[in-house]
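Got your viewer open? Let's walk through this one a selection at a time.

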Amino acid sequence: MAFIDRSTRVGRSQGVSIFWGLVSVCFAAAACYYFWKNSENETTARVMRDEVSQLREENDTLNSKKDQLQASQIETANELKTREELVQEKETELAAEEARLEGPGQQSQTASEENEAQVAMVKKFNDLIRKLGKSSPPDVVERGGRPVLRVPNSELFAPGDVTLKPEGKTLLNQIAQGLNGEMDHFELRVVSYSDSATEAAPGSSKPVYATSWDLTAARASAMARFFRDETSLPFLNVLVIGRGDSEPISLNGGENHARNRRVEITVTPLPTPFHSPDPDKDKSAGH
């Protein structure tokens, strides 16, 4: 029995030893696995850190290249803009130079065309008034290199009156028809004159108008209304004025003083186109 008991104790001791040996082996195996796994994880982490570092370096490189490209693009855009501005400046200078070179020629051509138009217009007026001067009492004189049709007042108005006679209307209408369509650059100038002796109507010793200035002004107004209302001439190119006895052609009081009672008609080039006044500006100027 004693032998059996000792054997049992020996067997239990061995079992415990085996158990703890197995436990130790398991712990050792677990420790080995943990160490291996940790080493593997560290290796993986190191590889990943290397990859991240490499990616960061590549990203930095790419960013640097991007910045360089952007800077190069901005520089290229600025250079292109500078070149475009230079080209535009040169084109402007070229256009100005061409205009400067062509300007005198164009001005000369324009002046030549205007001179030709003036010559043609003056010739037409000359032919017209010489024809009228031959067929009726009006005569033609030259003043300042231009022909002037001189019409006695008696052909246009009754003594002391300001109403156009039928034959006076006919004469003025012939002039208007002869010049129609040719007045764009010309002015028809009609000047009414009288003498120092105030005209009185037949059978009346008292004149209707106090002075010759008043009489010629009223006659100028009548002729202006005629050209405006009864002819197709551009009225802005018609100037009708009264000058009274300010420019006599014969000595007032002499035997030929009646020659001072006249209307003189001529055409002159317009220096600049005439424009109607601006009512708004006139109102503001009045205030």
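Which two strands form a hairpin, and how many residues sit between them? Strands β1 and β2 do, with two residues between them. Select Gly-144 in the turn: its phi is positive, about 60°.

Before going further, a bit of housekeeping. This is a predicted model, in which local features need pLDDT of at least 70 and side-chain atom pairs count only at pLDDT 80 or more, while totals for chains, interfaces and linings use all residues. Residues are numbered from 1 along each chain as its sequence is written, and side-chain values use heavy atoms, with hydrogens and water left out.

Now color by pLDDT, the predictor's confidence in each residue, from 0 to 100. The protein chain has a mean of 78, and 77% of its residues reach 70 or more. Among the elements of the chain, helix α4 (residues 212-230) has the highest mean pLDDT, 94, and helix α5 (residues 279-286) the lowest, 55. Where pLDDT is low, the predicted coordinates should not be read in detail. The helices (H or I, at least four residues) and strands (E, at least two) on this tour are DSSP runs, numbered from the N terminus.

Back to the hairpin. Select residues 139-143, which make up β1; five bridges join this strand to β2, and the two run antiparallel. Strands count as paired if DSSP finds at least two bridges between them. For one of these contacts, pick Val-141 and look across to its bridge partner in β2, Val-148.

Stay in β2 and select Arg-150 together with Glu-264. They form a salt bridge, with the closest N and O atoms 3.2 Å apart. (A salt bridge here is a side-chain nitrogen of Lys or Arg within 4 Å of a carboxyl oxygen of Asp or Glu.) Glu-264 lies in strand β5 (residues 262-269) and Arg-150 in β2 (residues 146-152), so the pair ties together parts that are 114 residues apart in sequence. Buried or exposed? Glu-264 is buried, at 3% relative accessible area, and Arg-150 is buried too, at 11%. The cut-offs are under 20% for buried, over 50% for exposed and partly exposed in between, with a 1.4 Å probe and protein chains only.

The structure holds seven salt bridges. For another, select Glu-247 and Arg-243, which meet at 2.8 Å, N to O. Both partners are partly exposed: Glu-247 has a relative accessible area of 32% and Arg-243 has 30%. Then add Arg-262 to your earlier pair, as salt bridges that share partners join Arg-150, Arg-262 and Glu-264 into one network.

Next, pick Pro-248 in the loop between β4 (238-244) and β5. Pro-248 is partly exposed, at 42%. Draw a distance from its C-alpha to that of Ala-258, ten residues away along the chain, and you should get 9.8 Å.

Now select helix α3, residues 166-179: its 14 residues reach 20 Å from first C-alpha to last. The buried residues in α3 include Leu-171, Leu-172, Ile-175 and Leu-179. In general, an α-helix has 3.6 residues a turn, so residues three or four places apart point the same way. Just past α3, click Gly-181, whose phi is positive, near 85°.

Last stop: Trp-20, in helix α1 (residues 2-135). Trp-20 counts as exposed, at 52% relative accessibility. Add Val-16 and Phe-19 to see a nonpolar surface patch, with about 340 Å² of accessible area together. Accessible areas come from the Shrake-Rupley method with a 1.4 Å probe, and for residues only the protein chains shown count as cover. Patches are made of residues with over 30% relative accessible area and no salt bridge, joining like charges within 9 Å and nonpolar side chains (Val, Leu, Ile, Met, Phe, Trp, Tyr) within 5 Å.

Conventions. Expected span 1.5 Å × (residues − 1).
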